[in-house]
Amino acid sequence: MEKAREKVAGRDTGMEEGTEKVDPRDVLFRTVDEHTDVIEAKITGVIPKWISGNFIAVGPGKFEQGAERYRHYFDGMALLMRFEVRDQRVRYASKFLPTVTLTSTACCNIASSTMRFGTGATWVSYILPTNMSDNATVNLVHLGGELYCSGETATIFRINPDSLETLERVELKKLASLDTCVAHAQYDNDGSAYLLGSHFSPPSAYKFIKIPPPDETKRRKIDPTEPVRRAEVVAKVSMQNPLKPSYIHSFAMTDNYFIFVESPLVINILTVTRRKLSALSLYDALEWLEGKNCRIHLVERRSGKESKVRCECPPMLVIHQINAYEHDDNIILDVCCYDDATMLDEYHFEKLLDTSYTPRGLAEPRRLIIPISGATAAAAAATTTTTTAAAAAATTTTAAAAAAATTTTTAAATTTTCEGPMSVAKSC
Ligand SMILES: [Fe+2]
């Protein structure tokens with residue numbers, strides 16, 4: 001293990017040719033230094049001449065604070081990275097996001113009092129206010145013509161993609177009363193961006209917010225964060241249980257609908273409120289409601305109202321959306337999902353670093369076909385589903401997928417049950 005680390009750490013740009021095979025755990029889960037000065041990457045192979053541009057990414061890059069070692073991969077501190085690809089060369093730079101999590105010192109570790117994803121708070125939480133961690137390490141989103149780092153909390157950071165400098169810290173809690181916010185935005189053709197968040201205290205709700213594109217005629221004269229500061233709540237969805245809102249990472253959007261799969265993975269708000277006494281992490285507050293179906297919320301974008309069509313499907317955890325579109329009287333929703341929430345547990349370092357542990361929480365793509373216009377659509381959906389299912393089954397790899405591709409709908413009711421994934425492509 002130590003030998004492999006030396007060889008990787010010896011060159012920040014990657015492995016030397018001919019090095020021994022390196023355990024990826026040793027590369028992915030170790031703390032790295034930031035490189036504010038650009039370094040030249042060693043190239044293996046040939047980069048096509050036509051590839052030219054900057055690839056900006058964010059991800060965990062530091063896994064301890066003082067003597068405290070983080071327990072969960074999602075708690076790694078956000079490191080911004082830029083890969084400048086030009087003239088068949090790659091130049092690399094990186095910079096940590098100056099979050100409270102990073103900038104609190106070991107002797108006054110404010111971060112250890114915050115509610116992190118999978119690492120519990122320390123004794124500091126007994127004497128300091130406990131807020132959600134601001135570690136925006138998940139994604140980069142374009143909002144109002146600017147680039148922001150996002151996590152699952154309501155704090156986002158505007159960054160300069162050229163220098164990797166952090167320019168502004170923006171609290172969506174103040175702008176749109178959000179306690180959490182998805183890490184992945186959806187975009188309209190006019191440049192508007194949409195986010196979905198949760199507001200926990202009464203009147204609690206899931207909220208869709210719209211961030212307009214920048215006004216190009218005024219752009220040079222105004223604050224670049226102005227579009228984000230004009231964030232507007234365009235739709236609300238009530239929670240089935242305000243004390244147990246669903247854990248959300250992303251949502252889908254079509255021309256006319258927002259689509260949000262409310263999964264059985266919920267945040268127990270009572271556990272969150274007693275975190276100060278119990279030094280808990282967000283993971284400690286998550287609950288999987290055994291046997292509870294997913295509720296699929298369809299919200300009409302034009303009116304902001306939830307569709308009368310209610311749709312459920314068997315329990316699953318949707319993390320990412322693959323695609324969503326309207327076809328005839330259906331919404332075709334392709335999602336990347338899991339049977340349950342085992343995956344989140346498997347990102348604890350005790351499992352990630354255990355070479356004998358075999359992960360069970362594996363993702364797979366699933367297709368849901370959702371009728372969108374009530375009883376009439378439900379009847380039509382049966383026909384459409386048969387056709388679509390047959391087509392889907394032809395492209396899937398298992399006979400079981402074809403068997404799973406069935407939908408039952410009740411024409412007389414407004415609740416539709418999508419029985420099982422419409423197609424399951426396990427090979428993807
Ligand atoms: Fe994500």
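The paragraphs below go through this predicted model from the whole chain down to single residues. Local features are given where pLDDT is at least 70 and side-chain atom pairs count only at pLDDT 80 or more, while totals for chains, interfaces and linings use all residues. Residues are numbered from 1 along each chain as its sequence is written.

The protein chain has 12 helices and 26 strands. Both are DSSP runs numbered from the N terminus: helices are H or I runs of at least four residues, and strands are E runs of at least two. Of the 428 residues of the chain, 37% count as buried. A residue is buried if 20 or more other C-beta atoms lie within 10 Å of its own, exposed if 12 or fewer do, and partly exposed in between, with C-beta atoms placed from the backbone. Two residues are in contact if their C-beta atoms, again placed from the backbone, lie within 7 Å. Among contacts between residues at least 6 apart in sequence, 59% join residues at least 24 apart.

One open sheet has 4 strands in the order β1-β6-β5-β2, with antiparallel pairing. At its edges stand β1 (39-40) and β2 (53-60), each with a single partner strand, so one side of each has no neighbour in the sheet. Two strands pair if DSSP finds at least two bridges between them. Strands β5 (residues 78-86) and β6 (residues 89-96) are joined by 8 bridges in the antiparallel sense. In one of these places, E84 has R91 in β6 as its bridge partner.

Q88 lies in the loop between β5 and β6. Its phi is positive, about 65°, although Q88 is not a glycine. Most residues other than glycine have a negative phi, and most peptide bonds are trans. Q88 has 13 other C-beta atoms within 10 Å and is therefore partly exposed.

Another open sheet of 4 strands has the order β7-β8-β9-β10, and its pairing is antiparallel. Here the edge strands are β7 and β10 (166-171), each of which pairs on one side only. From one strand to the next the twist averages 35°; such angles run from 0 to 180 degrees between N-to-C directions, with axes that are lines fitted to C-alpha atoms, for helices over the stretch in contact. Strand β7 (residues 139-143) shows alternating side chains: N139, V141 and L143 point to one face and are buried, whereas L140 and H142 point to the other and are not. Strand β8 (residues 146-150) runs antiparallel to β7, and 5 bridges join them. The partner of L140 in β8 is C149. In this hairpin 2 residues lie between the strands, and G144 takes a positive phi near 55°.

Further along the chain, the loop between β13 (193-199) and β14 (205-211) holds P203. The peptide bond from P202 to P203 is cis, with omega near -5°.

M239 sits in the loop between β15 (232-237) and β16 (252-253). Is M239 buried or exposed? It counts as buried, because it has 20 C-beta neighbours inside 10 Å. Apart from neighbours within four places in sequence, M239 is in contact with S204, A205, Y206 and P245. S198 is 41 residues from M239 along the chain, and their C-alpha atoms are separated by 9.2 Å.

Finally, D328 is in the loop between β22 (317-327) and β23 (330-338). D328 has a positive phi of about 55° and is not a glycine. With 16 C-beta neighbours inside 10 Å, D328 counts as partly exposed.
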